[in-house]
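Me: Could you take a close look at one chain of this complex, chain B, and describe how it is built and where it meets its partner?

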Amino acid sequence: MIDLSIRLALEPFALEVELALAGRVTAVLGPSGSGKTSLLEVIAGLRRRAEGRATLDGVTFLDSERRIRLPPERRQIGYVPQEPALFPHLDVAANVRYGLRADPGESNRRVAESLALLEIGELGTRYPHTLSGGEAQRVALARAIVTRPRLLLLDEPLAALDAELRHRILPYLMRVRDEAKIPMIHVTHHVGEALALADEAVVLRAGRVEATGPVRNVLTPKLVTSVRGDATFENIVHGVVAEVDGEIAIAKLTPLIAASGQPAIGAPLLTVPAFRGLQRGAQATYRVASEDVLLLRGAPAGISARNVFAARVIGVETLRTDVLVRLQTGALEWRALVTAAAVRELEIAPQGELFIAIKTHSFDRLG
Amino acid sequence: MIEADDISILGLSLQVALTATLAILPIGVALAWLLAGWRGRGRIVLESLLTLPLVLPPTAIGIVLLMLLSEDSAFGRALSGAGVEIMFTWKAAALASAVMSLPLLVRSARTAFEDVDPRLLGVARTLGDGPWRVFRRVALPLAWRGIAAGTLLAFCRALGEFGATILIAGNIPGRTQTLALAIFHRSQVGRDGDALRLVALTCFVALAAVYATERLGRRHGIDRLAR
C-alpha cells in the first residue's frame, strides 16, 4: 500500500501527485515529459527537492513538514531505470550481488536464485558491455529484486530497444510479480503489457493524475491514445502448453488470464508457433498485434488461419482514423484494430456476434 | 658523468614532488568530487579560486604564501608557536609545489567524476549504499584512471615548480635546492654543462611520468569506447 501526496517543481510544470495505490502492480502511462520518471525518482528518494508526504505500508519515508526524508538507501525500494545502468566495472554476478549485505554463502545462493528466475544463470562472469540489451535489462531486474525490496519501480524497461527485445521482458516481469511477489510500479506505454501485468493504472499528464483506478476501467483506448499517440493495443496471450507438434512446429495453448494466472474459462485452445525447448505443461506468453486480429461476419469455410472462433463485441471505439473493437470469447478478451469502413460493412456494434480469425504466425513468442 | 651532487638534488626533488603530490591527493579528489556533484552558486567561486595557481605568475602565489607563513600573519605565528618551521626548508618547497599542482589534479579528477553516469550513483543508493559507500564502490573505481592521470600530471608540475618555491624555500644547496632551482643556479654561474646534466635528468623523470600518464589516459579512452 503506497500513499503519495507529493510536489516537485519541474520545467515547465510542477509534478503534483495525490495517489493511494493498493495494487500488486500499478501501470503508469503518460505522454513523454509528463513526469513519469520524476515520479519514480521521487518515490525512490532520488529527488531531494520533492515536498509532501509519502508512505509505504505505513512507513513514512517523506514528510517535508515534519522534516522526514529517508535517504534512498533506507527506503528498500528497488529501481530499474530506462537504461539498465549496470556497473561497468563489475561482472554480472557482482552487479546482482551489489545490494546484498548477507554472508557470502547466503549472497551466492540468492544471486543464483535471481539469475535463475530470469534465466540468465550462465551470464554470471560476463561484463555489462558484452551483454545484449535484453540480457542487460534482465540483469538490472535481477539486481533490483535480489535485495527483496518492498516495492519495485520499473521505468519503461527496454523502451530504448526494439520491439521484439522489449516484449521479451514481459514474461519475466510476470514471474517477478507471481514468484518473487514484489509489488511494482511500472511505467509503460503498451496497453497490452499493462493489462497483462497490472491491476491498477495511473494516467499522468503534465505532472498531474488524469485518471486512476482498476486497469480495465482506466485504460480505455480513447484516453490512452489521447495521452500517448504511439500507444499500442497488442493482445498478450498467456497460457499452458497443451500439446506440441515438433514436426510442423506448432503448439496448442490453453489460455490463462495473464493478469491473474487464472484459467480463462470458455476460451478456445489456441494454435501458436512452437519454439525449441517448449514442452507440454509449460507456460508460454505470446503477443498478437491488434491489426492481426481479423473479424468475420459469419463462420468461414476453407480458411488457412488456424485460430477461428466466435466472439462477442464488448466495445467499439474510434481512434484517430481506425476503430478499436474489443471482443470476448469466454473469459478471454481480444482487441482488433479495423478501419471505419469495415465497421460499417460488418455492422459491428456492442453485443454483436462475430468470428475472429488469427493466423498461427501472428502469435509472436515473448517467452 | 652524473655526480653525487646531481643525485642528491634529484633525490630532494623527488622527495619534494612526492610529498606534495601525496598531500594533495586526498584534498584534490575530495574537491573534484564536490565540484562534480555541486549545482550550487558557490561552485563557480570555488572553481575560480582553484584555477588561480594555473593562471597567475608562480611568483605571485609565492608572495601570497610568503605573507601567509611570515610572522606577520596569525597563521604564521600559530605555526611558529607550535614549533613548526616551514620557511626555507624542503617543506616550504613541497608546500609551494602542492599549491601550484593542485588545480591540475582537481581538473583531471573532476572530469573523470563527471564522466560517471549519475544514474549509476542513483541506482547504487537505491541498493542500500550511503553517499560515502557509493563514492568508494562506484565513483572511485570508475574514475580512478582519470584521477591517476591527474596525479601524474600534478607530480610533473611539482617536479618543475620554480617561482613560488624560490620565494618561500629559497635556493639553499642541499636543503631546498631542487632540480629546477639548481638548473637556474648553475646556468647563472656559468656551469652550463653541469646544468645540462640536470636538464637531462629532469627530462628522464618527466618523460617517464608523462609516458605513464598517456598510457593510463589511452586505456581510459578505450574503456569508455567499449562501454
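Reply: What follows describes chain B, from its confidence to its fold and its contacts. This is a predicted model, in which local features need pLDDT of at least 70 and side-chain atom pairs count only at pLDDT 80 or more, while totals for chains, interfaces and linings use all residues. Residues are numbered from 1 along each chain as its sequence is written, and chains are lettered from A and ligands numbered from 1 in the order in which they are written.

The mean pLDDT (the predictor's confidence in each residue, from 0 to 100) is 90 for chain B, with 95% of its residues at 70 or more. In residues 221-227 of chain B, however, the pLDDT is below 50, and this stretch has three contacts beyond near neighbours in sequence, a contact being two residues whose C-beta atoms, placed from the backbone, lie within 7 Å.

Chain B has ten helices and zero strands, where helices (H or I, at least four residues) and strands (E, at least two) are DSSP runs numbered from the N terminus. The C-alpha trace of chain B spans about 65 × 45 × 30 Å along its principal axes. Of the 227 residues of chain B, 40% count as buried, that is, with 20 or more other C-beta atoms, placed from the backbone, within 10 Å of their own. Among the contacts in chain B with a separation of 6 or more, 76% join residues 24 or more positions apart.

As for the partner, 16 residues of chain B are in contact with 19 residues of chain A; strand β7 (residues 77-80) of chain A gives the largest share of chain A's side, three residues. The predictor gives the complex an ipTM of 0.81 and a pTM of 0.80.

Conventions:
A residue is buried if 20 or more other C-beta atoms lie within 10 Å of its own, exposed if 12 or fewer, and partly exposed in between; C-beta atoms are placed from the backbone.
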